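Here is a short briefing for a first look at this structure. Start with the helices, then turn to the sheet and the pocket.

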Amino acid sequence: MEKPSELSRCLVTISDVSNVEAHESSYLGGGSSEELWITMGTALTPVDCYVELLLQQMLTNEQSKCTISSAKRGDVTFIMKLVRIEGQKYYYQLTVPETLALAKQYKENGVKMFSKYPLFAHAYFNQAVKCLLSWSPIDQLDPAIEGAGTIEEMQSLLETLYLNIAACLIKQNRFDEVLHVLRYTDQQEHPSPKATYRKALAQFKVKRFTEALATLERIDYASSKECVALHAQIIQTRQQEDSKYSSMVKKMFA
């Protein structure tokens with residue numbers, strides 16, 4: 001008996017599904033007890049992500065009554081049986097090209113889920129980063145073995161993922177963590193406009209106005225409408241904050 005790994009393919013039967021109509025799901029769409037193949041790590045809706053998590057806790061031939069709770073749309077319940085596992089594999093067994101391919105898959109899943117389900121997109125982006133960082137330090141991989149193009153692609157993808165994670169954190173108002181994720185830009189001579197904007201926005205939100213302006217001024221921010229608007233907002237807000245402080249001091253010593 002074994003449990004599915006995060007990289008396996010599972011044959012399951014799902015029956016007695018209730019209240020799935022209120023939710024998006026590819027896995028729970030059938031009404032009868034039909035066999036279904038689920039490839040782990042491919043879910044694109046919250047319910048299907050939870051189905052995969054539940055499946056990872058099950059043993060071969062185990063049948064379970066499952067409940068996915070939702071405060072707004074009510075509980076989804078169903079009976080799932082794990083019939084067979086194929087392609088059982090673990091992260092540590094992957095080669096560099098396999099790891100890169102998996103990280104790309106997770107990244108694409110996150111991109112597809114970002115607009116409607118940013119928290120689940122965030123989880124996928126995190127998984128993709130973990131895949132790549134399992135080969136850290138990437139710049140010390142041997143180009144003769146892995147290929148210079150592969151290494152460059154891994155580094156480029158890692159930077160893109162950090163930007164995506166920063167976008168997810170901004171949606172959650174976790175601005176201090178945005179600054180932590182984007183700290184790699186401190187070492188770059190020419191940081192990207194997108195990374196610059198998100199870093200400056202986070203600094204602005206935590207009222208580090210001088211640092212936010214300095215961040216924007218590292219690039220030609222006038223060429224970006226977003227950056228120009230943020231620069232003006234920072235200037236205006238800093239002036240308002242200075243005015244409030246001066247007024248408060250006058251009242252204290254009047």
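Helix α3 covers residues 118-133, 16 residues in total, and at 1.5 Å a residue it should span 22 Å; its end C-alpha atoms are 22 Å apart, so the two values agree. The expected span is 1.5 Å times one less than the number of residues. Helices (H or I, at least four residues) and strands (E, at least two) are DSSP runs, numbered from the N terminus.

This is a predicted model, in which local features need pLDDT of at least 70 and side-chain atom pairs count only at pLDDT 80 or more, while totals for chains, interfaces and linings use all residues. Residues are numbered from 1 along each chain as its sequence is written, and side-chain values use heavy atoms, with hydrogens and water left out.

**Helix α3**
- The buried residues of α3 (under 20% relative accessible area with a 1.4 Å probe, protein chains only) are Ala-121, His-122, Tyr-124, Phe-125, Ala-128, Val-129, Cys-131 and Leu-132.
- Their cover includes α1, α2 (96-114) and α5 (148-171).

**The sheet**
- An open sheet holds 4 strands in the order β2-β1-β4-β3, with antiparallel pairing.
- β2 (34-39) and β3 are the edge strands, each pairing on one side only.
- From one strand to the next, the twist averages 40°.
- Helix α1 (residues 46-55) packs on the sheet and touches β1, β2, β3 and β4. Its direction makes about 55° with that of β4.
- Contact means heavy atoms within 4.5 Å. Axes are lines fitted to C-alpha atoms, for helices over the stretch in contact, and angles run from 0 to 180 degrees between N-to-C directions.

**Strand pairs**
- Two strands pair if DSSP finds at least two bridges between them.
- β1 (residues 9-18) and β4 (residues 76-86) are joined by 8 bridges. Here Ser-18 stands opposite Thr-77 in β4.
- β3 (residues 63-68) is joined to β4 by 6 bridges. Thr-67 also faces Thr-77 in β4.
- Between β1 and β2 there are 6 bridges, and Ile-14 stands opposite Glu-34 in β2.

**The largest pocket**
- A pocket is an open set of points on a 1 Å grid over the protein atoms alone, where a 1.4 Å probe fits, with protein on both sides within 12 Å along at least five of seven lines.
- The volume of the largest pocket, the space filled by probe spheres set on the points, is about 330 Å³.
- Its lining has 15 residues, with an atom within 4 Å of a point. His-23, Pro-46, Ser-70, Arg-73 and Tyr-117 lie nearest its centre.
- α1 gives the largest share of that lining, 3 residues.

Terms used. Buried means under 20% relative accessible area, exposed over 50%, partly exposed in between (1.4 Å probe, protein chains only).
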